[in-house]
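Me: I would like to go through this model by question and reply, beginning with a single side chain and moving outwards to the helices around it.

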Amino acid sequence: MKKLQEYFWVSCGFLVIALALNKFIIPNRITLGGVSGIATILEYLVNFKPSFSVLAINIPLIAASWLVLGKKFVGKTLSGVVILSVFLEFVPLGALTDDLLLASVAGGVLM
């Protein structure tokens, strides 16, 4: 039961991140660091879906971490990446505001 609660709350956190990305960050062309930032840039440049970008970029990173950190860490990380990718796919992409300052602050706070 405790494991199920843990995954529920992790999923809630990834839903909030997906909302921040799809409603504030990506539509307003605000670039972040890390995998989310690369996914955002790919959306701008080649209209590549962020949900697929996040998954595709994380696969080699997860494979490398398997060797260094072990199976237990990779299992949780992989489930988180998949959950985030699914939420990015199903949360509609569209700006809630076109004010860059508001979008930056709201997206940053939610992230």
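Me: Leaving aside its neighbours within four places in sequence, which residues is L84 in contact with?
Reply: This is a predicted model, in which local features need pLDDT of at least 70 and side-chain atom pairs count only at pLDDT 80 or more, while totals for chains, interfaces and linings use all residues. Residues are numbered from 1 along each chain as its sequence is written, and side-chain values use heavy atoms, with hydrogens and water left out. Taking contact to mean heavy atoms within 4.5 Å, and setting aside neighbours within four places in sequence, the partners of L84 are F14, I17, A18 and V54.

Me: Which helix gives the most residues to the largest nonpolar core?
Reply: A nonpolar core is a set of buried Ala, Val, Leu, Ile, Met, Phe, Trp, Tyr and Cys residues joined through side-chain atoms within 4.5 Å, where buried means under 20% relative accessible area, exposed over 50% and partly exposed in between, with a 1.4 Å probe and protein chains only. The largest one has 15 residues, of which A18, L21, V54, L84 and L88 touch the most other members. At least two residues each come from helix 1 (2-25), helix 2 (34-46), helix 4 (71-90) and helix 5 (100-110), helices being DSSP runs of H or I with at least four residues, numbered from the N terminus. The most, five residues, come from helix 1.

Me: How are helix 3 and helix 4 oriented to each other?
Reply: Their axes, which are lines fitted to C-alpha atoms over the stretch in contact, with angles from 0 to 180 degrees between N-to-C directions, are 10 Å apart at an angle of about 180°. Angles over 145 degrees count as roughly antiparallel, and therefore helix 3 and helix 4 are roughly antiparallel.

Me: What is the orientation of helix 1 and helix 4 to each other?
Reply: The axes of helix 1 and helix 4 come within 9 Å and cross at roughly 45°. Angles under 35 degrees count as roughly parallel, over 145 as roughly antiparallel, 65 to 115 as roughly perpendicular and the rest as oblique. Helix 1 and helix 4 are therefore oblique.

Me: Is N47 buried or exposed?
Reply: N47 lies in the loop between helix 2 and helix 3 (50-69), and its phi is near 55°, a positive value in a residue other than glycine. Because its relative accessibility is 61%, N47 counts as exposed.
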